[in-house]
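Biologist: Please pick one part of this model and take me through it closely. Keep it practical, and tell me how each call is made.

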Amino acid sequence: MPKVKRLNKIIHPNSRKAMELASKEHHKARHARTVECTKNKTNVLIKKIQWFREQITIENQQEKMETEIEIDESQAFKVKNIYSIEDMHKLIDLYFHRFDDEIEQIKLKNSIGKRNIGQHFSREKSIQMTLESEKNEYETSGLSVPDLTLSDNVNLIRSWKGERIRFTLSLRVRSGTLNPEVSYSFFSDSKVI
C-alpha cells in the first residue's frame, strides 16, 4: 500500500524537513520572479519591434499603389530594403517622440478644468520616466533596437504577423549609442535574441 503524506503533522521550525520545505518554496518564488522578469523583457522588446515595424512597413494596398506612382520622402523611407546608420539614428529619434500625441492630449485635458492637479498625472510621469531611462540608455550603454542594416531582418519584420516565439528567436538586435567613448560607437555586433 502506498504511503500517504499526513498534512497535519507538526514540523519543528529548525528541523531538516522544515529547511527543505523552505528551500523548495524559495526556489519556486525565485523561479516565478525569473519567469516574470523574462516575460516583461520580451514584452518590451516586442512592443519596440512593433513600433519599428510600423515605421518601415506600408500597411494598406492603396499606399502601395501610391508609392509605385509617386514616391515622396516618407514613402521612400518605408520602401528601403536596407537602412543605413543615419537612418537608424532617425528612427531612434522618432522612437523617442512616440508619446508626443498622448502628452499633448494630457496637457489639453489638464488645461480645460479648474483643478490644479492633473487628472492623468501618473500616466504622464510614467511616460516621462520611460523616455528618460531610454534616452539615458541610448546615450550611455546603448539602446537595443532591431538590426535594420540586414535585409533579412527588414524582410522578417515586414512579414511579421505578431507571433512571438518563432519571430524573436530569429531576429537580430543591435545596441546603439551616441557616446563616442564606448568602444562600439554606434552599433555593436548584432546578436540573435
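Modeller: Start with a definition: helices here are DSSP runs of H or I with at least four residues, numbered from the N terminus. The model is predicted. My pick is helix H1, which covers residues 16-56. I will then follow its contacts outward.

First, the setting. The protein chain has 8 helices and 3 strands. Along the sequence, their order is α-α-α-α-α-α-β-α-α-β-β. Of its 193 residues, 28% count as buried.

Now the charged pairs in H1. Glu20 makes a salt bridge with Lys24. Their closest N and O atoms are 3.5 Å apart. Both residues sit in H1, 4 residues apart, which is about one turn of the helix. Neither end is buried: Glu20 is partly exposed at 37% relative accessible area, and Lys24 is partly exposed at 46%.

Glu25 and Lys28 form another salt bridge, with 3.8 Å between the closest N and O atoms. The cut-off is 4 Å, so this pair qualifies. Glu25 and Lys28 are 3 residues apart in H1, so about one helical turn separates them. Lys28 has a relative accessibility of 53%. Exposed means over 50%, so Lys28 counts as exposed.

For contrast, take a pair with a buried member. Asp87 and Lys80 meet through their side chains in a salt bridge, 2.5 Å from N to O. Asp87 has a relative accessibility of 6%. Buried means under 20%, so Asp87 counts as buried. Lys80 counts as partly exposed, at 30%. By the 4 Å rule, the count for the model is 5 salt bridges.

Back to H1, at a pocket. A probe the size of a water molecule, rolled over the atoms, shows where empty space is left. The second largest pocket holds about 220 Å³ of space. H1 gives the largest share of its lining, 6 residues. The lining includes Val44, Lys47, Lys48, Gln50, Trp51 and Glu54. Tyr95, Arg98, Phe99 and Glu134 also line this pocket. By class, the lining has 4 nonpolar, 1 polar and 5 charged residues.

Glu134 leads us to helix H6, where it is one of the buried residues. The others named there are Ile127, Leu131 and Tyr138. These residues cover an arc of only 70 degrees around the axis, which puts them on the same side of H6. The face turned away from that buried side carries the exposed residues Ser122 and Met129.

The length of H6 can be checked too. Helix H6 runs over residues 121-139, 19 residues in total. The expected span is 1.5 Å times one less than the number of residues, so H6 should span 27 Å. Its end C-alpha atoms are 27 Å apart, which agrees.

Last, step past H6. Gly142 lies in the loop between H6 and strand S1 (143-146). Gly142 has a relative accessible area of 6%, which is under 20%, so it is buried. Gly142 and Arg174 are 32 residues apart in sequence. In space, their C-alpha atoms are 8.6 Å apart.

To recap the route: H1 carries the Glu20–Lys24 pair and the Glu25–Lys28 pair. H1 also gives the largest share of the lining of the second largest pocket. Glu134 is in that lining too, and Glu134 is buried in H6.

Conventions
Residues numbered from 1 in each chain as written. Predicted model: local features only at pLDDT ≥ 70, side-chain atom pairs only at ≥ 80, totals over all residues. Heavy atoms only, no water. Helix = DSSP H or I, 4+ residues; strand = E, 2+ residues; numbered from the N terminus. Buried < 20%, exposed > 50% of the residue type's maximum accessible area, 1.4 Å probe, protein only. 1 Å grid on protein atoms, 1.4 Å probe; cavity = no way out; pocket = protein on both sides within 12 Å on 5 of 7 lines; lining within 4 Å. Points joined across faces, edges and corners; volume = space filled by probe spheres on them. Nonpolar A, V, L, I, M, F, W, Y, C, P; charged D, E, K, R; others polar. Arc of directions from axis to C-beta.
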